[in-house]
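Colleague: Could you take me through one part of this model in close detail, namely the sheet and the helices that pack around it? I would like a connected account that I can follow with the structure open beside me.

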Amino acid sequence: MRALSSSRLLLFRRVPFKPDPQIASRQFGLLHHQHHRYQQQPPPSTPRPSLPPRQSKNCRLANSNLSHHASRAMSSSSAASAELRFANPAILICDIQDKFRNAIYEFDKIVLTTQKLLHFSKAFSVPVITTTQTSAKLGPTVSALAELLPAAPHDKTRFSMFIPPVIAELSQPSQIALVGIESHICITQTALDLRDAGHKVYVIADGVSSCNPGEVSVALDRLRSEPGITVTSSESWMYECVGDASHPGFKGLINVVKGSMADTKTVWESLPPGPKI
């Protein structure tokens with residue numbers, strides 16, 4: 001083999017490699033960036049769980065308000081079921097005294113109806129207000145009622161029960177069941193005064209009377225024609241007062257009605273006198 005020329009030998013000589021510092025720096029940075037991105041990616045076998053879209057602040061507030069109103073509505077519905085239909089019921093008992101027993105038409109039957117209302121008042125915590133007419137001369141409230149009264153009667157000389165101590169005990173406005181005597185005097189004047197003061201008055205036809213049966217009919221006919229005054233029955237008033245069979249105390253109403261059923265039937269045989277309402 002011919003010896004290679006010196007110029008060709010120079011081509012095959014190993015020349016030490018000297019990398020360009022700038023090129024090396026750029027290549028290293030690129031490799032480091034790719035390696036970092038690879039580490040951040042999740043493994044192919046475990047895909048990321050999808051997340052629900054993030055709600056805006058307004059959406060979160062709207063949902064919170066809806067939940068709040070729904071909670072209040074449920075609470076209001078529960079509270080409503082415990083409320084009476086009448087916001088301020090009251091029972092007024094006018095002058096049912098011993099001295100009138102032999103003078104008043106069907107006096108004992110007025111007492112039976114009033115006893116029923118007093119049992120109802122106890123079951124539902126309904127206020128009861130009683131008066132006597134000049135008790136020094138006409139005696140106290142009959143004992144059958146006195147033992148059931150939550151408070152002592154207010155004595156009066158006026159025919160109407162609308163006197164200062166009675167006015168002070170009434171909520172404004174009240175839905176009042178009115179019983180007692182006499183239909184054409186004290187009951188009529190009391191009903192008119194209560195009505196004029198803004199109260200709703202229910203004259204209980206099976207709980208009022210007078211000395212003369214005819215006076216009862218005349219009085220009830222007049223009161224039916226008066227705006228703001230209703231002539232009704234004791235049972236009707238009690239049911240209207242409660243208003244809902246879902247009321248927690250409804251069983252108490254049923255007990256009163258069933259417990260007085262025989263007395264109610266007896267009363268309606270003669271009260272009110274004449275045509276029935």
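Modeller: What follows starts with the sheet, moves on to the helix pairs, and ends with some details of the backbone. Please keep in mind throughout that this is a predicted model.

The sheet is open and is formed by six strands in the order β3-β2-β1-β4-β5-β6, with parallel pairing. Its edge strands are β3, residues 154–156, and β6, residues 229–232, each of which pairs on one side only. Neighbouring strands of the sheet are turned against each other by 25° on average, if direction is ignored.

At the β3 edge, the partner is β2, residues 128–133, and these two strands pair in the parallel sense over three bridges; if you wish to find the register there, look for T131, whose bridge partner in β3 is H154. At the β6 edge, β5 and β6 run parallel and are joined by four bridges, and here V201 stands opposite I229 in β6. Between these two strands the chain crosses from β5 to β6 through helix α9, residues 213–224, in a β-α-β crossover that is right-handed.

Helix α9 is also a good place to begin with the helix pairs. Helix α8, residues 183–196, packs with α9 at an angle of about 15°, their axes being 9 Å apart, and because angles under 35 degrees count as roughly parallel, α8 is roughly parallel to α9. The crossing in which α8 passes α9 is right-handed. On the α8 side the contact is made by S183, H184, T188, A191 and L192, and on the α9 side by E215, V216, A219, R222 and L223; by class, this contact has five nonpolar, three polar and two charged residues.

Helix α10, residues 234–242, lies across β1 (89–94), β4 (175–181), β5 (200–209) and β6, and runs at about 145° to β5. The same α10 packs with helix α11, residues 250–259, at an angle of about 175° and with the axes 11 Å apart, which makes α10 roughly antiparallel to α11. Here E235, M238, Y239 and V242 of α10 meet F250, L253, I254, V256 and V257 of α11, and the contact of α10 with α11 has eight nonpolar residues, no polar ones and one charged.

A further pair is formed by helix α4, residues 107–124, and helix α12, residues 261–268, which pack at an angle of about 140° with their axes 10 Å apart, so that α4 is oblique to α12. In this case α4 passes α12 in a left-handed crossing. The contact involves K109, L112, T113 and K116 of α4 together with D263, T264, T266 and V267 of α12, and these residues divide into two nonpolar, three polar and three charged.

Finally, the backbone has some details to look at in the loops. Most residues other than glycine have a negative phi, and most peptide bonds are trans. In the loop between β1 and α4 lies E106, whose phi is near 55°, a positive value in a residue other than glycine. The peptide bond from Q172 to P173 is cis, with omega near -10°, and P173 has its place in the loop between α7 (164–169) and β4. The bond from I181 to E182 is likewise cis, with omega near -20°, and E182 is found in the loop between β4 and α8.

Notes
Residues are numbered from 1 along each chain as its sequence is written. This is a predicted model: local features need pLDDT of at least 70, side-chain atom pairs count only at pLDDT 80 or more; totals for chains, interfaces and linings use all residues. Side-chain values use heavy atoms; hydrogens and water are left out. Two strands pair if DSSP finds at least two bridges between them. Axes are lines fitted to C-alpha atoms, for helices over the stretch in contact, and angles run from 0 to 180 degrees between N-to-C directions. Contact means heavy atoms within 4.5 Å. Angles under 35 degrees count as roughly parallel, over 145 as roughly antiparallel, 65 to 115 as roughly perpendicular and the rest as oblique. A crossing is left-handed if the near helix is turned anticlockwise from the far one by less than a right angle, and right-handed if clockwise. Ala, Val, Leu, Ile, Met, Phe, Trp, Tyr, Cys and Pro count as nonpolar, Asp, Glu, Lys and Arg as charged, and the others, Gly among them, as polar. A crossover is right-handed if, with the strands pointing away from the viewer, the path from the first strand over the helix to the second runs clockwise.
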